[in-house]
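Here is an informal walk through one model, taken sheet by sheet and loop by loop. Have the 3D view open while you read.

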Amino acid sequence: MRYKPSVVRPCDQIPPVELCAKVNDRLRTATNNPFDFAEHVRHRTYVVRSLPIAHPHECVVMLDAGVDALLPSDFPSLPTVSEADFDVNKTPGKGLGLFARRLFRCNETVLVEHPVVIMPYLVGPSVPLSDVYADMFGRLSAEVLQAIRSLPCPSSGKDFKDSYETILPTSTIAISLPVPREPFAELATHKALFLTATRCNHSCGPNSKWEWDEKKLSLVLTAVRQINPGDEITIAYVPPHLPFDGRREALLDGFAFECHCLHCVQPGIDIRQSDANRHAVCTFWDVDKMTSGPFAKLPAFDKWCLEPSIPAYILIDAHRRALDIIQDEGLEILDTHPGSGPGHHAHPHRDVGRHIDAIAMCYGALEDADNFLIWIRKAAAAREMDDPEQKLVFSKWMSNPMSFPVWGWRKVFCAGDAEEVKRLSKDMENGDEKGDSTVGLAACIKMGMFGFVGK
Ligand SMILES: C[S@@+](CC[C@H](N)C(=O)[O-])C[C@H]1O[C@@H](n2cnc3c(N)ncnc32)[C@H](O)[C@@H]1O
């Protein structure tokens, strides 16, 4: 009985008018398309079953029958959550939280986890939801049920069967399933419950980012800065680049709580300054949006090389200031142009990595070998997870800084040596056609080294 799928017929009654209006409104705003919730539920038949996920993982689903038919029939096994890596402890003002028991390096995978429950974001079955929940949860082992019972539940005094309805909204994450987005994109959106990741509290300066792997049906948490033993592992429930009021509103609206993270409640915190700083680093690369603030009107790298009247350290100072702000605000998660748009390249260390690259490049253009070596080492370290070819390129630059493609450019261009300028400009265009192709400019651009040239 526990393994036999149940079928829940479509709703034969129209859901309450106010509910329909609320859902329709929300989806119209989110998708820019009209939506008819009453029509949507009238056509849904749901299947409740356990997914064939390798032991010891368990997962029960309630899915639209069409979506269920399209799901893969087996799933890759995942590493099991290592209990030794985490502690669940009390954290002031936030209930329980997930804490690291060991060091996680920046960009290291912290956790990979299958959900234990998946259900559609929008449901309208013909029977009370509490009956569907009883059917779903009855398929889980006593151990998993006990873990679910311990999750935060605003109405903990209530009967357990009823309280699933209150546990789920606070503890689930919105995910998508690998089904076609046409004709109903909303059919792909689901809520999923994860037993370990659900202990991660929100921070406005999170040390991890979460990504949903639709194909492997798993949630992946990755460290965006080093996490030390004893640190709380935090993620962002809402975009941390929003100003304080925007984050507050989004958290109240979407998750019904007021944020108690350090960036919001630290004594003496200057919210206006924090908003201004966040805005400045988030718009650093966007010349159109960055009309005021510490980074407004910065010259592009090539202009800075050519123009002696532009102060020599203007770019280095700006990128260093941006790195300081990112560190103070805990915004290492920031990735303002992940590989899209002209001159924009994916970078393994997001905006932090782009600023580091930019500083190395400026010191190279200034022929400042000591500082160049410091920053090119940081740029190489930021790529430690990448392929060996890149490592080779960086080690060449470290052993012979003059092989760095823009070495001395500012000096040469500002000195106005016409012949040399002509030669360098030609190099810029043809970098790889002559000389060592692994250190040519095009190779550098490919690895995202000069992604900010177009700024
Ligand atoms: C997914 S749970 C996180 C784990 C939870 N703290 C626990 O005790 O299991 C989400 C709930 O944690 C609390 N929470 C998470 N982040 C918070 C924060 N930054 N400030 C205050 N409460 C927070 C809220 O009550 C929220 O509804």
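Let's start with a pair of strands: strand 6 and strand 12 run antiparallel and are joined by 4 bridges. Within that pairing, leucine 111 sits opposite leucine 221 of strand 12. Keep in mind throughout that this is a predicted model.

The two strands belong to an open sheet of 3 strands, ordered 6-12-11 and paired antiparallel. Strand 6 and strand 11 are the edge strands here, each pairing on one side only. On average, neighbouring strands of this sheet are turned by 15° against each other, direction ignored. As a reminder, strands in a sheet pair through backbone hydrogen bonds, in either a parallel or an antiparallel way.

**The other sheet**

Now for a sheet with 6 strands: it is open, has the order 1-2-3-7-9-8, and its pairing is mixed. Which strands stand at its edges? They are strand 1 (6–8) and strand 8 (172–176); each has a single partner strand, so one side of each is left without a neighbour in the sheet. From one strand to the next, the twist averages 25°.

Zoom in on strand 2 (residues 46–50) and strand 3 (residues 60–64), and you find an antiparallel pair joined by 5 bridges. Arginine 49 has valine 61, in strand 3, as its bridge partner.

**A hairpin out in the open**

Strand 4 and strand 5 make a hairpin with 3 residues between them, and glycine 93 in the turn has a positive phi of about 75°. The two strands run antiparallel, with 6 bridges joining them. One of the matched pairs is aspartate 87 with phenylalanine 99 of strand 5. Is strand 4 buried or largely in the open? Of its 6 residues (86–91), the number buried is 0, so strand 4 lies largely in the open.

**Around the ligand**

Strand 5 turns up again at the ligand. The ligand is surrounded by 19 residues, and the closest are Gly95, Leu96, Asn201, His202 and His260. Strand 5 (95–100), helix 6 (160–171) and strand 10 (201–202) each supply at least two residues of that shell. The largest share, 3 residues, comes from strand 5. By type, the shell divides into 7 nonpolar, 10 polar and 2 charged residues.

**Loops worth a click**

Follow the chain past strand 5 and you get to the loop between strand 5 and strand 6 (109–113), where phenylalanine 104 lies. Asparagine 107 is found in the loop between strand 5 and strand 6 too. Phenylalanine 104 has 23 C-beta neighbours inside 10 Å, and 20 or more is enough to count as buried, so this residue qualifies. Its C-alpha atom is separated by 6.8 Å from that of alanine 223, although phenylalanine 104 and alanine 223 are 119 residues apart along the chain.

Asparagine 107 is partly exposed, with 19 other C-beta atoms within 10 Å. Its backbone deserves a look as well. Most residues other than glycine have a negative phi, but phi of asparagine 107 is near 75°, a positive value. Leucine 217 has a positive phi too, near 50°. Leucine 217 has its place in the loop between strand 11 (208–213) and strand 12 (218–223).

On the other side of strand 12, valine 224 belongs to the loop between strand 12 and strand 13 (234–235). Valine 224 and asparagine 207 are 17 residues apart in sequence, and their C-alpha atoms are 5.4 Å apart in space.

Here is the burial of these loop residues side by side:

| Residue | C-beta atoms within 10 Å | Burial |
|---|---|---|
| Phenylalanine 104 | 23 C-beta atoms | buried |
| Asparagine 107 | 19 C-beta atoms | partly exposed |
| Leucine 217 | 23 C-beta atoms | buried |
| Valine 224 | 25 C-beta atoms | buried |

**The nonpolar core**

In soluble globular proteins, nonpolar side chains tend to be buried together. In this model, the largest nonpolar core has 93 residues, of which Ala360 and Cys362 touch the most other members. Helix 12 (residues 350–365) gives the most to this core, with 9 residues. Where does the core lie relative to domain 1 and domain 2? Domain 1 (6–264) and domain 2 (271–446) both give residues to it, so the core lies between them.

Notes: Residues are numbered from 1 along each chain as its sequence is written. This is a predicted model: local features need pLDDT of at least 70, side-chain atom pairs count only at pLDDT 80 or more; totals for chains, interfaces and linings use all residues. Two strands pair if DSSP finds at least two bridges between them. Axes are lines fitted to C-alpha atoms, for helices over the stretch in contact, and angles run from 0 to 180 degrees between N-to-C directions. A residue is near a molecule or strand if its C-beta atom, placed from the backbone, lies within 6 Å of it. Ala, Val, Leu, Ile, Met, Phe, Trp, Tyr, Cys and Pro count as nonpolar, Asp, Glu, Lys and Arg as charged, and the others, Gly among them, as polar. A nonpolar core is a set of buried Ala, Val, Leu, Ile, Met, Phe, Trp, Tyr and Cys residues joined through C-beta atoms within 7 Å. A residue is buried if 20 or more other C-beta atoms lie within 10 Å of its own, exposed if 12 or fewer, and partly exposed in between; C-beta atoms are placed from the backbone. Domain bounds come from an automatic or database domain assignment.
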